[in-house]
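Student: I've got a new protein open on my screen and I'm not sure where to start. Could we go through it together?

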Amino acid sequence: MATWNTRGLRGSTLEELVNRTNEIYLEKGLALIQKVPTPITPIKIDKESRHITLAYFEQKSTVDYIGVVQGIPVCFDAKECTVDTFALQNIHPHQVEFMTQFERQGGVSFLLLFFAVRNELFYLPYRDMMKFWNRAKNGGRKSFRYEELDQNYYIQPHGGLLAPYLDALQTDLNARD
(Lines give C-alpha, C1' and ligand atoms only; values in the text may rest on other atoms or scores of the structure.)
Protein backbone atom coordinates (compact mmCIF):
# COMPACT_ATOMS: atom_id res chain seq x y z
CA MET A 1 0.00 0.00 0.00
CA ALA A 2 1.45 3.39 -0.99
CA THR A 3 1.17 5.87 1.83
CA TRP A 4 1.02 9.58 1.52
CA ASN A 5 3.53 10.45 4.27
CA THR A 6 6.32 8.28 2.80
CA ARG A 7 6.61 10.35 -0.38
CA GLY A 8 7.92 13.46 1.33
CA LEU A 9 8.16 16.69 -0.66
CA ARG A 10 9.40 15.05 -3.83
CA GLY A 11 8.39 17.14 -6.83
CA SER A 12 6.76 19.90 -4.79
CA THR A 13 9.10 22.61 -6.13
CA LEU A 14 8.37 21.66 -9.73
CA GLU A 15 4.66 21.46 -8.99
CA GLU A 16 4.72 24.98 -7.55
CA LEU A 17 6.52 26.31 -10.65
CA VAL A 18 4.05 24.62 -12.99
CA ASN A 19 1.02 25.69 -10.96
CA ARG A 20 2.15 29.33 -10.95
CA THR A 21 2.88 29.18 -14.69
CA ASN A 22 -0.60 27.73 -15.30
CA GLU A 23 -2.16 30.57 -13.28
CA ILE A 24 -0.38 33.12 -15.46
CA TYR A 25 -1.39 31.29 -18.64
CA LEU A 26 -5.01 31.41 -17.44
CA GLU A 27 -4.79 35.12 -16.55
CA LYS A 28 -3.44 35.85 -20.04
CA GLY A 29 -6.09 33.69 -21.71
CA LEU A 30 -3.48 31.36 -23.19
CA ALA A 31 -4.47 28.07 -21.57
CA LEU A 32 -6.74 26.39 -19.05
CA ILE A 33 -4.76 23.67 -17.29
CA GLN A 34 -5.97 21.93 -14.15
CA LYS A 35 -3.98 19.93 -11.61
CA VAL A 36 -5.52 16.47 -11.40
CA PRO A 37 -6.11 15.64 -7.74
CA THR A 38 -5.08 12.20 -6.55
CA PRO A 39 -7.91 10.62 -4.55
CA ILE A 40 -6.78 9.57 -1.07
CA THR A 41 -8.36 7.84 1.89
CA PRO A 42 -7.29 9.34 5.23
CA ILE A 43 -5.95 6.91 7.84
CA LYS A 44 -4.78 9.31 10.56
CA ILE A 45 -5.98 12.84 11.20
CA ASP A 46 -4.35 15.14 13.74
CA LYS A 47 -7.29 16.10 15.94
CA GLU A 48 -5.83 19.48 16.93
CA SER A 49 -4.84 20.79 13.52
CA ARG A 50 -7.39 18.66 11.63
CA HIS A 51 -4.70 17.81 9.06
CA ILE A 52 -4.34 14.41 7.44
CA THR A 53 -1.09 12.86 8.66
CA LEU A 54 -1.39 9.44 6.98
CA ALA A 55 -3.41 8.31 3.97
CA TYR A 56 -3.35 5.83 1.12
CA PHE A 57 -4.07 6.36 -2.54
CA GLU A 58 -7.52 5.09 -3.54
CA GLN A 59 -6.60 4.46 -7.15
CA LYS A 60 -3.80 4.95 -9.62
CA SER A 61 -3.70 8.50 -10.91
CA THR A 62 -3.41 9.22 -14.60
CA VAL A 63 -1.35 12.35 -15.17
CA ASP A 64 -0.62 15.43 -13.07
CA TYR A 65 -2.21 18.00 -15.40
CA ILE A 66 -4.90 18.12 -18.05
CA GLY A 67 -6.50 20.95 -19.97
CA VAL A 68 -6.64 22.88 -23.19
CA VAL A 69 -4.24 25.29 -24.90
CA GLN A 70 -5.84 27.45 -27.60
CA GLY A 71 -8.27 24.64 -28.48
CA ILE A 72 -5.68 21.85 -28.26
CA PRO A 73 -6.29 19.23 -25.54
CA VAL A 74 -3.13 18.55 -23.52
CA CYS A 75 -2.16 16.28 -20.68
CA PHE A 76 1.18 15.98 -18.97
CA ASP A 77 3.02 14.71 -15.97
CA ALA A 78 5.71 16.65 -14.12
CA LYS A 79 8.71 14.60 -12.96
CA GLU A 80 11.75 15.65 -10.98
CA CYS A 81 15.08 13.86 -10.79
CA THR A 82 18.24 14.59 -8.85
CA VAL A 83 20.77 13.04 -11.24
CA ASP A 84 21.45 13.15 -14.99
CA THR A 85 19.72 9.80 -15.55
CA PHE A 86 15.95 9.44 -15.47
CA ALA A 87 14.70 5.99 -14.45
CA LEU A 88 11.69 4.90 -16.49
CA GLN A 89 10.25 3.21 -13.40
CA ASN A 90 9.16 6.76 -12.46
CA ILE A 91 6.64 6.56 -15.28
CA HIS A 92 3.94 4.01 -14.57
CA PRO A 93 2.36 1.75 -17.21
CA HIS A 94 -1.13 3.13 -16.50
CA GLN A 95 0.20 6.66 -17.16
CA VAL A 96 1.71 5.57 -20.48
CA GLU A 97 -1.59 3.90 -21.40
CA PHE A 98 -3.57 7.04 -20.53
CA MET A 99 -1.22 9.25 -22.53
CA THR A 100 -1.38 6.83 -25.49
CA GLN A 101 -5.18 6.90 -25.44
CA PHE A 102 -5.12 10.70 -25.10
CA GLU A 103 -2.88 10.97 -28.18
CA ARG A 104 -5.19 8.62 -30.13
CA GLN A 105 -8.07 11.00 -29.39
CA GLY A 106 -6.15 13.90 -30.94
CA GLY A 107 -4.66 15.33 -27.75
CA VAL A 108 -1.04 16.16 -27.00
CA SER A 109 0.74 14.31 -24.20
CA PHE A 110 4.15 15.12 -22.76
CA LEU A 111 6.33 15.11 -19.68
CA LEU A 112 7.96 18.05 -17.97
CA LEU A 113 11.27 16.88 -16.54
CA PHE A 114 13.14 18.92 -13.96
CA PHE A 115 16.80 18.00 -13.53
CA ALA A 116 17.37 19.43 -10.06
CA VAL A 117 21.14 18.95 -10.10
CA ARG A 118 21.32 21.21 -13.19
CA ASN A 119 18.30 23.37 -12.33
CA GLU A 120 17.02 22.71 -15.86
CA LEU A 121 13.54 21.96 -17.12
CA PHE A 122 12.78 19.98 -20.29
CA TYR A 123 9.68 19.17 -22.27
CA LEU A 124 9.73 15.52 -23.33
CA PRO A 125 7.38 14.94 -26.28
CA TYR A 126 5.20 11.83 -26.15
CA ARG A 127 7.00 10.30 -29.16
CA ASP A 128 10.39 10.63 -27.39
CA MET A 129 8.99 9.23 -24.15
CA MET A 130 7.65 6.25 -26.11
CA LYS A 131 11.02 5.76 -27.82
CA PHE A 132 12.66 5.39 -24.39
CA TRP A 133 9.74 3.34 -23.03
CA ASN A 134 9.79 0.89 -25.95
CA ARG A 135 13.57 0.60 -25.81
CA ALA A 136 13.28 -0.53 -22.18
CA LYS A 137 10.35 -2.83 -22.97
CA ASN A 138 12.46 -4.51 -25.68
CA GLY A 139 15.34 -5.25 -23.29
CA GLY A 140 17.28 -1.98 -23.59
CA ARG A 141 18.19 0.61 -20.98
CA LYS A 142 15.60 1.10 -18.24
CA SER A 143 16.47 4.78 -18.13
CA PHE A 144 17.58 7.61 -20.36
CA ARG A 145 20.36 10.12 -19.94
CA TYR A 146 20.21 13.90 -19.96
CA GLU A 147 22.39 13.84 -23.07
CA GLU A 148 19.69 11.93 -24.96
CA LEU A 149 17.19 14.78 -24.65
CA ASP A 150 16.52 17.03 -27.61
CA GLN A 151 17.95 20.43 -26.66
CA ASN A 152 15.20 22.12 -28.71
CA TYR A 153 12.89 21.25 -25.82
CA TYR A 154 14.91 22.94 -23.09
CA ILE A 155 12.59 25.33 -21.24
CA GLN A 156 14.20 28.68 -20.54
CA PRO A 157 12.47 30.82 -17.89
CA HIS A 158 11.34 34.16 -19.33
CA GLY A 159 8.78 36.91 -18.88
CA GLY A 160 8.24 36.11 -15.22
CA LEU A 161 7.41 32.48 -16.03
CA LEU A 162 9.62 29.85 -14.39
CA ALA A 163 8.19 26.88 -16.32
CA PRO A 164 7.01 28.36 -19.66
CA TYR A 165 6.27 25.15 -21.51
CA LEU A 166 4.05 26.63 -24.25
CA ASP A 167 7.07 27.43 -26.46
CA ALA A 168 8.15 23.78 -26.27
CA LEU A 169 4.57 22.68 -26.96
CA GLN A 170 4.64 24.81 -30.13
CA THR A 171 7.93 23.15 -31.15
CA ASP A 172 6.26 19.76 -30.59
CA LEU A 173 3.21 20.75 -32.64
CA ASN A 174 5.44 21.98 -35.48
CA ALA A 175 7.32 18.66 -35.47
CA ARG A 176 3.99 16.79 -35.83
CA ASP A 177 3.02 18.61 -39.05
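Tutor: Sure! One term to begin with: a contact means that heavy atoms lie within 4.5 Å. Keep in mind, too, that this is a predicted model.

Student: Okay. How many helices and strands does the chain have?

Tutor: Walk along from the N terminus and the elements go α-β-β-β-β-β-β-α-β-β-α-β-β-α. Sort those by type and you get 4 helices and 10 strands.

Student: In what order do the strands of the open sheet sit?

Tutor: This open sheet is built from 6 strands, and its pairing is mixed. Its edges are strand 1 and strand 10 (154–155), each pairing on one side only. Read across, the order is 1-4-5-7-8-10.

Student: In what sense do strand 7 and strand 8 pair?

Tutor: Look for L113, which stands opposite F122 in strand 8. Strand 7 and strand 8 are joined over 6 bridges, and the sense is antiparallel.

Student: Which strands does helix 4 touch as it packs on the sheet?

Tutor: Check the direction of helix 4 first: it makes about 135 degrees with that of strand 7. The strands that helix 4 touches are strand 4, strand 5, strand 7, strand 8 and strand 10.

Student: How many residues are in the largest nonpolar core?

Tutor: In soluble globular proteins, nonpolar side chains tend to be buried together. Here, the residues with the most contacts inside the largest core are I33, F76, F110, L112, Y123, Y165 and L169. Elements supplying at least two residues each include helix 1 (12–27), strand 5 (72–81) and helix 4 (166–176). The size of this core is 26 residues.

Student: And how many residues does the second, separate core have?

Tutor: Among its members are V63, C75, V96 and L111. The count for that second core is 23 residues.

Student: Which residues does F110 touch, leaving out those up to four places away in sequence?

Tutor: F110 is one of the residues with the most contacts inside the largest core. With those sequence neighbours left out, F110 touches V74, C75, F76, D77, M99, Y123, L124, P125, Y126, Y165 and L169.

Student: Is C75 buried or exposed?

Tutor: Buried means under 20% relative accessible area. C75 has 0% relative accessibility, so C75 counts as buried. C81, at 7%, also counts as buried. For C75, then, the word is buried.

Student: Last one: how many disulfides are in the whole structure?

Tutor: A disulfide needs a pair of cysteine sulfur atoms within 2.5 Å. Search the whole structure for such pairs and the number of disulfides is 0.

Notes. Residues numbered from 1 in each chain as written. Predicted model: local features only at pLDDT ≥ 70, side-chain atom pairs only at ≥ 80, totals over all residues. Heavy atoms only, no water. Buried < 20%, exposed > 50% of the residue type's maximum accessible area, 1.4 Å probe, protein only. Core = buried A, V, L, I, M, F, W, Y, C linked by side-chain atoms within 4.5 Å. Pairing = 2+ DSSP bridges. Axes fitted to C-alpha atoms, helices over the stretch in contact; angles between N-to-C directions.
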